[in-house]
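Got the viewer open? Here is a short tour, one selection at a time, with a note on what to look for at each stop.

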Amino acid sequence: MSKTIAILAPGAMGSAVARRLGEHGARVLTSLRGRSEATRKRATDAGMIGAEDDAIADADIILSIVPPGEAVALAERLAGLIVRREKKPVVVDCNAVNVDTVMRIEEIIGSAQAPFVDAGIIGFPPQPGGKSPAFYMSGEHAKDVAVLKDFGLDVRIVEGPVGAASALKMSYAGIVKGLAGIGAAMVVAATKAGAADALRDELALSQPAVLARLEVALPDMIPKAYRWVAEMREISGFLGPDHPASQVYEGFARWFDHLAEDAKGEAADTDLMKAFAARIAQKKS
């Protein structure tokens, strides 16, 4: 297998993954058509090569790393690019989508007779000298992209069909981001009711691990909240409409949407979250 890998798109995760692949000798392509100047700079800084659609379709592996709401549209675009090609790239969907969505994507890519891999990314974008997030992969062709280990990615095969890796991602994100959502909601409510210090002190006594998590999670989630809205809806869909907890994640989607809008406006609630996290740090010092 050659070393040509296409990543769509060059966002925070995609560009960081591209940098890691490039550091290990891969040639990384991306599409910059219609992208902002900031995105173009991020791609260039990561060593990504802007390429036309024909070159993207000629890559050996295509990694789809986009917001969940864009995953199906990108799959349709990719299928149109590769359907007439004799040599087919392996298409890897790395997005935070539920099992039904990833099976739909598999069907779209399959219509172009291209091999497909279901993947879920768990962890932060790789930093220079740091470790890679885990790329959990499942499906018949998962082992076809194990070569990505040679280019610095932490590839972990999930023994199971397409959907298994996405199920893992949904479950993990549902726990970790769900806990962050609960913590944020209760911190804001307690602060507005005048109980912020009492809540902090009680958590320090009885739930120190939770308090330590909130110190990091509260400020960290604010710039990411807009990206979590669609992911929460995917988790709700993963549970299914008849599952009693599916509405919990619809509620988290609304909560994260509120926080994203709040951060762009008066920042009434997001400032309370930052202040609570700051008080945790002050109490420790």
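**Stop 1: a salt bridge within a helix**

Select Asp197 and Arg200: they form a salt bridge, with the closest N and O atoms 3.6 Å apart. Keep in mind as you go that this is a predicted model. Both residues sit in helix α7, three residues apart, which is about one turn of the helix. Buried or exposed, what is Arg200? Arg200 is buried, at a relative accessible area of 10%, while Asp197 is partly exposed at 39%.

While you have charged side chains on display, add Arg33, Glu52, Asp53 and Arg77, which are joined into one network by salt bridges that share partners. Across the whole structure, a search finds 17 salt bridges.

**Stop 2: two salt bridges across the sequence**

Now pick Arg85 and Asp54. Their salt bridge has its closest N and O atoms 3.1 Å apart. This one links distant parts of the chain: Arg85 is in the loop between α4 (71–82) and β5 (90–93), Asp54 is in helix α3 (residues 53–57), and 31 residues separate them. Turn on a surface and compare the two partners: Asp54 is exposed, with a relative accessible area of 53%, and Arg85 counts as partly exposed at 22%.

Next, select Asp60 and Lys87, whose side chains meet in a salt bridge at 3.3 Å, N to O. Asp60 is in the loop between α3 and β4 (61–64) and Lys87 is in the loop between α4 and β5, so this pair ties together parts that are 27 residues apart in sequence. Asp60 is buried at 13% relative accessible area, whereas Lys87, at 46%, counts as partly exposed.

**Stop 3: strand β1**

Select residues 4–8, strand β1. Why is it described as largely enclosed by the rest of the structure? Because five of its five residues are buried. Rotate the strand and check each face: Thr4, Ala6 and Leu8 are buried on one side, and Ile5 and Ile7 are buried on the other, so both faces are covered.

Then add strand β2 (residues 27–30). β1 and β2 run parallel and are joined by three bridges. To find one of the paired positions, click on Ile5: its bridge partner in β2 is Val28.

**Stop 4: a cavity**

How many cavities of 30 Å³ or more does a search of the whole structure find? The search finds one, and the largest cavity has a volume of about 30 Å³. To see its lining, select Ser64, Ala75, Leu78, Val91, Asp93, Ile105 and Ile109. The elements that give two or more residues to this lining are α4, β5 and α5 (99–110). By class, the cavity lining has five nonpolar residues, one polar and one charged.

**Stop 5: the largest pocket**

Zoom out for this one. The largest pocket has a volume of about 1300 Å³. It is lined by 43 residues, and those closest to its centre are Met13, Gly123, Pro125, Lys177 and Arg227, so select these five to centre your view.

Where does this pocket lie? Colour domain 1 (4–160) and domain 2 (167–284) separately: both give residues to the lining, so the pocket lies between them.

Now bring up the elements around it. α1 (12–23), β6 (116–122), β7 (134–138), β8 (154–157), α6 (164–192), α8 (208–221) and α9 (225–239) each supply at least two lining residues. The largest share, six residues, comes from α6. Colour the lining by class and you should find 25 nonpolar, five polar and 13 charged residues.

**Stop 6: the second largest pocket**

Finish with the second largest pocket, which holds about 260 Å³ of space. Select Leu179, Ala180, Gly183, Val210 and Leu214, the closest to its centre among the 15 residues that line it. Three elements give two or more residues to this lining: α6, α7 (196–206) and α8.

Which element gives the most to the lining of this second largest pocket? That is α6, with eight residues. By class, the lining divides into 13 nonpolar residues, one polar and one charged.

Notes
Residues are numbered from 1 along each chain as its sequence is written. This is a predicted model: local features need pLDDT of at least 70, side-chain atom pairs count only at pLDDT 80 or more; totals for chains, interfaces and linings use all residues. Side-chain values use heavy atoms; hydrogens and water are left out. On a 1 Å grid over the protein atoms alone, a cavity is a set of points where a 1.4 Å probe fits but cannot get out, and a pocket is an open set with protein on both sides within 12 Å along at least five of seven lines; lining residues have an atom within 4 Å of a point. Grid points are joined across faces, edges and corners, and a volume is the space filled by probe spheres set on the points. Helices (H or I, at least four residues) and strands (E, at least two) are DSSP runs, numbered from the N terminus. Ala, Val, Leu, Ile, Met, Phe, Trp, Tyr, Cys and Pro count as nonpolar, Asp, Glu, Lys and Arg as charged, and the others, Gly among them, as polar. Domain bounds come from an automatic or database domain assignment. A salt bridge is a side-chain nitrogen of Lys or Arg within 4 Å of a carboxyl oxygen of Asp or Glu. Buried means under 20% relative accessible area, exposed over 50%, partly exposed in between (1.4 Å probe, protein chains only). Two strands pair if DSSP finds at least two bridges between them.
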